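Q: Could you take me through one strand of this model up close, along with the strands beside it? I'd like one connected walk-through.

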Amino acid sequence: MCIPPAAPSWHHRPVRYNRVIAGVVVLAAVGGCTEKPKSAFDPTPKPVRPGQAVIIAGDTNLNRDPRDGEYGLRSSAYGGGGIAISAGGDIYYRVYYDSEGRVARLGRDGKVSLYGVDIVPDQMVIYGDDLWLIAAGFGIKVLRVSVAGWRQAEVIKWMDLKDSKNIEVRDSAGGSLSASVKLQLYPNWKGAKLVVRADGVPIVISKTGMLFEVRGPGRLDEWRPLGYGDALAKVVEEGEFQPSDAVLDDQGGLVLLGHGGIIRLPRTGSATSVRFPKSVSRLPSWSTVVSAGQGAVVLLGGMKASAIAPRPTLVRRDGRMERLSWGGFVRCDKFDGSLSSVASAMSSGSVRAADGSILMNDKGCGRVYSFKLPDRLAGSAFEK
């Protein structure tokens, strides 16, 4: 209901008009009763066409901690540390908070809830009702969180050499490793990554590329898929794989991204690998691998704070690499809804939503993007 405004308080005495113009009265009434336009703010934007990107969380200009209950688009999303999505559509990502950090949950209403955790995670993965978190700065710590009641359980704690005695490690034949061998493993946890296999078993990838199944509190079992040794040997550099990301592909297999190449672990069959050409060996490692279907993947990230040329890259099933043309470097304040901002992001992992869109955080701009890949992925042949 529109009610004309009352006379302003500065009318101390009645004013007498000698004549009244009808048109003026009508315009005044219409002007006084005009409803203000509704806000165009959409707290839950979604990409609707191929090649489109939208921001779903993070205001680059905010210089404060995020707050419970505020909209993700009006909250700080600086932090990195991976991203995960539940079957119900809730999105989880790490944010800076005080001197520690929090896990933020972006609900389907676009509002943020903050949760404390016992680690500052480098990566996170959801399987069923469990959120798996890993911290691998020095040593390794794996945490399982039941998202329903936010109950935390420490699964692996190997943060220093003294913790080695509390961890049981079995080799691929089922035998327990000796204390001396476990001590040799400890340095390889720095920079380790986590992925959950299609059967629900978490897999830890060490710096050297060794794979371990997380089989229970304080227990790791080495996993050697068929052909993995040969595939790994083709992409290691100076004995190190240096994993930066790992995802499930569209067939339920795993794709591991390292500094020197990618390794594919199909659900059935032998492991294969693609070694990156020498032309990229001196560049920063790609930090995110996205499954693009039909055995292809897209590599993103590898960006630094300085404005270097983005290099989104397609790796086809047969190993051919193609440089995708998604535009030049885009600053945080120049976001235009294209994939240029995605290519320019300092990404730390991605996850695919049920509708096929891809979620990715950008720790450089303090944002979370949702985007759709182009219908046709093709680019120029990668230089050797």
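A: Let's start with a pairing: β4 and strand β5 (residues 112-115) run antiparallel and are joined by 4 bridges. Strands here are DSSP runs of E with at least two residues, numbered from the N terminus, and two of them pair if DSSP finds at least two bridges between them. A quick word on the model: it's predicted, so local features need pLDDT of at least 70 and side-chain atom pairs count only at pLDDT 80 or more, while totals for chains, interfaces and linings use all residues. Residues are numbered from 1 along each chain as its sequence is written, and side-chain values use heavy atoms, leaving out hydrogens and water.

Within the β4–β5 pair, arginine 105 sits opposite serine 113 in β5. The two strands make a hairpin with 5 residues between them, and glycine 110 in that turn has a positive phi of about 85°.

Now for the other neighbour. Strand β3 (residues 91-95) also runs antiparallel to β4, with 5 bridges joining the two. One of the matched pairs here is valine 95 with arginine 102 in β4. β3 and β4 form a hairpin too, this one with 6 residues between the strands, and aspartate 98 in the turn has a positive phi of about 55°.

So how covered is β4 itself? Mostly: 4 of the 5 residues in β4 (residues 102-106) are buried, where buried means under 20% relative accessible area, exposed means over 50% and partly exposed lies in between (1.4 Å probe, protein chains only).
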